[in-house]
Amino acid sequence: MSSAGALRPLLSDDSGEMVVAPSGWAAVGQSGWEQLPLSRWMPLPPGSTLMHLPDRRALARAPGSGAVETVPGRHRLPVAAVLPVGYLRLLLPAHQRETGIPARTLPLYGYTAVADLNGQVVVAAARTDDFAPWTGPRPERARLEAEVRGLQRALPRSRVVAQLSVCALQHNCLTAQNTFLGRGEGALPASAACNADCLGCISLQTDSGTPASQPRMGRAPTAADLLEVGAQHLSRARAAGEPGMVSFGQGCEGEPLLRERQLLDVSEVLRRRFPSATIHINTNGSRPRALRRLFEAGVNSCRISVFSFTQNLFAAYYRPRGYSIEDVAVSCRVAVESGAQLTVNLLTFPGVTDTPAEIEVTVARLRELRVRQLQWRSLNVDPLWLLERLPRLERGVGMAQLVDAVGEALPQLEQGNFTRPVLDPVPG
Ligand code: SF4
């Protein structure tokens, strides 16, 4: 196997023309504010996108001195990979802002370090899941468009259908597409509001100057609307021989627990009509009492997103209104006590999630809270913009080491990227 010394930086000019750095320059990645060698890499997975980072300078090890420096010349911009679902970023692209110009905040992508290895593009990433409904082939575009038109005709006044049409066709959201296709995990976006203001929120950016990648729905749907769309999805799934799955809490919305009353109504009816379906909620876990009532009404699966189990990091990232990480922990306990599937969506960032202190807290919390599945998520955000808003931390030990440490400490914990349907019927 080739050594890391053979890894050369990929660079771009302002027009996006990409080249391999001149010989002698060695690629590095970034963890927090530090530049590090790429110690683990893999060929660029199919479905990845390469992009250059405007207003930035690539950092690499210079010929001769081996010092980390900005690369000179026209091709001076860093290149990053954006990975498809099912992969975890291990290092950020090594870069700094261009001096003397106002650098734009980068759009919300999971920027990952790449390099050239003897003519092949490699990426600092690891495969973390391979669940066919998410990673397998998707239907052709023409069929999807026909299904979208069909549901629009059937439910012409539905706000849910109107929102999901945009998500499915413009933002390529797979759960939105599933709702039209009548298969897999179908999206039921419910909330236009949130009680947090996450730095990396993909539905609403309040102060970064970068657009949200899945703009938040403008008006929340009624319970009747949610029920109609959810029931048609689960009916089609049942007709196709699937147990059926719907989920509240999508990328294009706020916090679904803020719509407790509507979700209680919807869940009660769906549970009665579809006893073996998975009724799932993706949530920030801020309202444990509301969550408990939802479990009592028929929700049987939840995914709680966590940036950090440490209060000061949690607060710096979520900017929560009226709740703390302790409320999130109580929500996790409520899920287990209620017999629901509990998954934690860990929003990872090299140099933050993999510090020794964070690893210790994360492992302890996952164990104590009896989490069934940990989902590894690469946080989509401008790396330097995020780092400037977090407290300064100790060095990370490496994302791969973090994954290994979690696996060794918690062998029963399932790890992956995607929520599985609950196959056991809900008791009672
Ligand atoms: S909790 Fe979710 S919806 Fe609310 S701000 Fe954070 S990412 Fe956005």
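In this predicted model, strand β20, helix α7 (residues 288–297) and strand β21 form a right-handed β-α-β unit. That unit belongs to a bigger picture: β20 and β21 sit in an open sheet of seven strands with parallel pairing, ordered β18-β19-β20-β21-β22-β23-β24. Below is a quick tour of that sheet, the helices around it, a three-stranded sheet and one buried leucine.

**The seven-stranded sheet**

- The edges belong to β18 (185–187) and β24 (414–416); each has a single partner strand, so one side of each lacks a neighbour in the sheet.
- On average, neighbouring strands here are turned by 25° against each other, direction ignored.
- β18 runs parallel to strand β19 (residues 245–248), and three bridges join the two.
- If you want a residue pair to look at there, Gly186 has Val246 of β19 as its bridge partner.
- Helix α5 (residues 223–239) packs on this sheet, where it touches both β18 and β19. The direction of α5 makes about 155° with that of β19.

**β20 and its partners**

- How much of strand β20 (residues 278–283) is buried? Six of its six residues are, so β20 is largely enclosed by the rest of the structure.
- Thr278, His280 and Asn282 point one way from β20, while Ile279, Ile281 and Thr283 point the other way. Residues on both sides are buried.
- That fits the usual pattern, in which side chains of a regular strand alternate between the two faces of the sheet.
- With β19, β20 pairs in the parallel sense over four bridges, and Phe248 stands opposite Ile281 of β20.
- With strand β21 (residues 301–306), β20 also pairs in the parallel sense, over four bridges. Here Asn282 has Arg303 of β21 as its bridge partner.
- Working back along the chain, β19, helix α6 (residues 260–273) and β20 make a right-handed β-α-β unit.

**Helix α7 up close**

- Which residues of α7 are buried? They are Pro288, Ala290, Leu291, Leu294, Phe295 and Ala297.
- Those buried residues pack against α6, β20, β21 and α9 (325–337).
- Right after α7 comes Gly298, which has a positive phi near 130°.

**α5 and its helix neighbours**

- α5 and α6 pack at an angle of about 25°, and their axes are 9 Å apart. Angles under 35 degrees count as roughly parallel, so that is the label for α5 and α6.
- α5 passes α6 in a right-handed crossing.
- On the α5 side, the contact is made by Ala223, Leu226, Leu227, Gly230, Ala231, Leu234, Ser235 and Arg238. On the α6 side, Gln262, Leu263, Asp265, Val266, Val269, Leu270 and Arg273 take part.
- Helix α4 (residues 174–181) meets α5 in another way: their axes come within 8 Å and cross at roughly 70°. An angle from 65 to 115 degrees counts as roughly perpendicular, so α4 and α5 get that description.
- The α4–α5 contact involves Asn178, Thr179, Phe180 and Leu181 of α4. Their counterparts on α5 are Val229, Gln232, His233 and Arg236.

**A three-stranded antiparallel sheet**

- Three strands make an open sheet in the order β6-β5-β13, with antiparallel pairing.
- β6 (34–36) and β13 (92–93) are its edge strands, each pairing on one side only.
- Strand β5 (residues 29–31) pairs with β13 in the antiparallel sense over two bridges, and Gln30 stands opposite Leu92 in β13.

**Leu77, a buried residue**

- Leu77 lies in strand β11 (residues 77–82).
- Is Leu77 buried or exposed? Its relative accessible area is 1%, and buried means under 20%, so Leu77 is buried.
- Leaving aside neighbours within four places in sequence, Leu77 is in contact with Leu10, Leu11, Ser12, Asp13, Asp14, His52, Leu53, Pro54, Arg56 and Ala58.
- Leu77 and Val20 are 57 residues apart in sequence, and their C-alpha atoms are 12 Å apart in space.

Technical notes:
Residues are numbered from 1 along each chain as its sequence is written. This is a predicted model: local features need pLDDT of at least 70, side-chain atom pairs count only at pLDDT 80 or more; totals for chains, interfaces and linings use all residues. Side-chain values use heavy atoms; hydrogens and water are left out. Buried means under 20% relative accessible area, exposed over 50%, partly exposed in between (1.4 Å probe, protein chains only). Contact means heavy atoms within 4.5 Å. Two strands pair if DSSP finds at least two bridges between them. Axes are lines fitted to C-alpha atoms, for helices over the stretch in contact, and angles run from 0 to 180 degrees between N-to-C directions. A crossover is right-handed if, with the strands pointing away from the viewer, the path from the first strand over the helix to the second runs clockwise. Angles under 35 degrees count as roughly parallel, over 145 as roughly antiparallel, 65 to 115 as roughly perpendicular and the rest as oblique. A crossing is left-handed if the near helix is turned anticlockwise from the far one by less than a right angle, and right-handed if clockwise.
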